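Please open the structure in a viewer and keep the selection panel at hand. The tour below proceeds by selections, each followed by a description of what is found there.

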Amino acid sequence: MSIAPAAPPVVQLRVPTDEDAVAWHRAFDDPEVMRFLGGRAEELSMYEEWTARQRRHDAELGYCLWTVLDGEGRVVGFTGAQPWGPTAYGPVGETEIGWRLARPAWGRGYATAAARLTLERLRAAGVERVVAAVDILNDRSAAVARRLGMEPAETFTTSLPGQEVRVFRLEL
């Protein structure tokens, strides 16, 4: 007797609201969630500015970092894409896909399901390729990138002391 694979979880993506800034702040106020991102959550004001920027991205580009809702409508994190801004490192000028979930949502397939919806929306918006920048020690995020069909490419050092990141690429 074979066991059928589990169905992907139900997720929804929405443009972040003002309230989502608070939800993101709560979800990411966990040292384990932020382990590869400096170790601690930013101040609430940063999430307020960030969600406002995502609303602008959605209006101007047709994509952003969307709030991920589970099947019950609860905020579990975000996934989406945004332009890689001007920095001293990384794939400047590329469209970066990313995901971050609250720890209770880990291991349930939400990141992959939401990132697949993101890829559909990016294709519809005319994006031709995406990159994901994943800490070389972050096996969970690397696994999501691989499940999306992304191929590992170059590595670079970030502005965080000692952090090395692998870029994954995908042609859409």
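Helices and strands are DSSP runs, helices of at least four residues and strands of at least two, numbered from the N terminus. The model is a predicted one.

**First stop: the largest pocket**

Begin by selecting Leu 37, Glu 96, Trp 99, Arg 100 and Ala 133. The largest pocket has a volume of about 1,500 Å³. It is lined by 49 residues, and the five just selected are the closest to its centre. Next, colour the elements that contribute to the lining: helix H2 (44–61), S3, S4, H3, S5 and H4 each supply at least two residues. Which element gives the largest share of the lining? It is S4, with six residues.

**Second stop: helix H3**

Select residues 110–124, which form helix H3. The 15 residues of H3 should span 21 Å at 1.5 Å a residue, and the end C-alpha atoms are 21 Å apart, so the two values agree. Now show the side chains of Tyr 110, Ala 111, Thr 112, Ala 113, Ala 114, Ala 115, Thr 118, Leu 119 and Leu 122; these residues of H3 are buried. Step just past the helix to Gly 126, where phi is positive, about 85°.

**Third stop: helix H4**

Move on to residues 139–147, helix H4, and display Ser 141, Ala 142, Val 144 and Ala 145, which are buried. Viewed down the axis of H4, the buried residues fall within an arc of 155°, so they line one face of the helix. An α-helix has 3.6 residues a turn, so residues three or four places apart point the same way. Turn to the other side of H4 to find Asp 139, Arg 140 and Arg 146, which are exposed.

To see what the buried residues of H4 pack against, add strand S4 (95–101), helix H3, strand S5 (129–135) and strand S7 (164–171) to the display. Following H4, Gly 149 has a positive phi, near 90°.

**Fourth stop: the salt bridges**

How many salt bridges does a search of the whole structure find? The search finds ten, and several of them may be visited in turn.

Select Arg 169 and Glu 94, whose side chains meet in a salt bridge at 3.3 Å, N to O. This pair links distant parts of the chain: Arg 169 belongs to strand S7, Glu 94 to the loop between strand S3 (75–83) and S4, and the two are 75 residues apart. Arg 169 is partly exposed, with a relative accessible area of 28%, whereas Glu 94, at 16%, counts as buried. Extend the selection to Arg 129 and Glu 154: together with Glu 94 and Arg 169, they are linked in a network of salt bridges.

Then select Arg 74 and Asp 70, whose side chains form a salt bridge at 2.8 Å, N to O. Is Asp 70 buried or exposed? With a relative accessibility of 3%, Asp 70 counts as buried, while Arg 74, at 49%, counts as partly exposed.

Finish with Arg 56 and Glu 49, a salt bridge in which the closest N and O atoms are 3.8 Å apart. Arg 56 has 42% relative accessibility and counts as partly exposed; Glu 49, at 36%, likewise counts as partly exposed.

How values were computed. Residues numbered from 1 in each chain as written. Predicted model: local features only at pLDDT ≥ 70, side-chain atom pairs only at ≥ 80, totals over all residues. Heavy atoms only, no water. Buried < 20%, exposed > 50% of the residue type's maximum accessible area, 1.4 Å probe, protein only. Arc of directions from axis to C-beta. Contact = heavy atoms within 4.5 Å. Salt bridge = Lys/Arg side-chain N within 4 Å of Asp/Glu carboxyl O. Expected span 1.5 Å × (residues − 1). 1 Å grid on protein atoms, 1.4 Å probe; cavity = no way out; pocket = protein on both sides within 12 Å on 5 of 7 lines; lining within 4 Å. Points joined across faces, edges and corners; volume = space filled by probe spheres on them.
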